[in-house]
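Colleague: I am new to this structure and would love a close look at a single part of it. Could you walk me through one spot and how it sits in the whole?

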Amino acid sequence: MDFFVQFRQQLNSLEPSDIVPILSFRQSILDQVAQLVPHCNELDVPYFHRLVFLEPGEFEDEDLQAAAERGHGAVLQAIWTEYGKPKLYLLARTAWDTYGRQTVTHWIKLAQTVLDSLYGDHWPNTIFETPNDCAICLQTMHWAEKTVCGHVFHLHCLLRHMNTNNTCPICRHPRPLLYDAAAYSEDDVSDSEDDVSDSEDDDSDSDYSVEMEFGNLDEAEEAEEEYE
Ligand SMILES: [Zn+2]
Ligand SMILES: [Zn+2]
């Protein structure tokens with residue numbers, strides 16, 4: 001049977017694996033692509049990890065946005081259908097045109113890894129449940145920041161609110177985050193450092209706790225970058 005007919009048929013019936021033995025999807029995908037398409041453009045590598053951190057409103061695709069708002073994993077199916085399968089199919093076309101005859105089992109193995117990497121990525125739980133809306137911007141919210149009073153908002157929405165009013169928008173709890181909104185915004189970081197050196201006489205316990213929070217946040221962000 002024709003390679004592309006066979007590949008497309010198997011691609012369409014692929015399901016995510018129940019048990020996934022792979023530790024680094026990214027490496028596994030890169031290795032397999034390097035074997036099949038040695039001069040593959042980086043943009044053509046079928047790997048969708050960067051989508052994990054986007055909110056539905058940030059997807060530049062209305063179908064993906066709608067799927068994300070439905071929850072229950074619909075967005076993963078949409079990413080696979082709209083981007084995963086076409087990308088794999090086009091890549092196989094490139095390989096065929098450039099390097100000649102291809103083997104379906106190699107390509108289905110790559111496709112399975114791509115599908116498993118998509119479902120096995122570090123998605124927030126709301127992707128698989130019914131997501132809430134952020135009470136500030138009213139958009140669907142997958143990445144929520146929890147306040148000390150237990151309410152959830154987009155972090156950037158809450159920080160914008162806290163710039164003018166340092167209370168929870170829902171219950172008016174004072175200082176709803178452990179750190180101050182003003183101290184958190186990047187533009188103000190250098191200013192507040194100056195303030196600290198100018199005012200060493202001040203009792204600055206609160207400043208100190210703010211800096212401790214910063215340290216933790218920076219470390220968390222660095223860890224995230226390394227992971228990527
Ligand atoms: Zn919001
Ligand atoms: Zn609250």
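Among contacts in the protein chain between residues at least 6 apart in sequence, what percentage join residues at least 24 apart? After that, please take me to the surroundings of Gln102.

Modeller: Happy to, and please keep in mind that this is a predicted model. To take your opening question, the figure is 57%, counted among contacts between residues at least 6 apart in the protein chain. The chain has 9 helices and 4 strands. Along the sequence, five helices are followed by the four strands, and then four more helices, in the pattern α-α-α-α-α-β-β-β-β-α-α-α-α. Of the 228 residues, 19% count as buried.

Now to Gln102. You will find Gln102 in the loop between helix 4 (74-99) and helix 5 (104-119). Is Gln102 buried or exposed? The answer lies in between: Gln102 counts as partly exposed because 17 C-beta neighbours lie inside 10 Å, while a buried residue would need 20 or more. Leaving aside residues up to four places away in sequence, Gln102 touches Phe3, Ala92, Ala95, Trp96 and Trp107. There is also a partner from elsewhere in the sequence to look at: Leu36 is 66 residues away from Gln102 along the chain, and their C-alpha atoms are separated by 8.4 Å.

Some of those names come back when we look at how two helices pack. Helix 1 (residues 3-12) and helix 4 have axes that come within 11 Å and cross at roughly 160°. Since angles over 145 degrees count as roughly antiparallel, helix 1 and helix 4 are therefore roughly antiparallel to each other. Their crossing is right-handed. On the helix 1 side the contact is made by Phe3, Phe7, Arg8 and Leu11, and on the helix 4 side by Lys85, Leu88, Tyr89, Ala92 and Trp96. Sorted by class, this contact has 7 nonpolar residues, 2 charged ones and no polar ones. Phe3, Ala92 and Trp96 are thus part of this helix contact, and Gln102 touches these three as well.

Finally, have a look at the other end of helix 4. His72 sits in the loop between helix 3 (62-70) and helix 4. The phi of His72 is positive, about 50°, although His72 is not a glycine. With 13 C-beta neighbours inside 10 Å, His72 counts as partly exposed.

Key: Residues numbered from 1 in each chain as written. Chains lettered and ligands numbered in written order. Predicted model: local features only at pLDDT ≥ 70, side-chain atom pairs only at ≥ 80, totals over all residues. Buried ≥ 20, exposed ≤ 12 C-beta atoms within 10 Å, placed from the backbone. Contact = placed C-beta atoms within 7 Å. Axes fitted to C-alpha atoms, helices over the stretch in contact; angles between N-to-C directions. Parallel < 35°, antiparallel > 145°, perpendicular 65-115°, else oblique. Left-handed = near helix turned anticlockwise from the far one by under 90°. Nonpolar A, V, L, I, M, F, W, Y, C, P; charged D, E, K, R; others polar.
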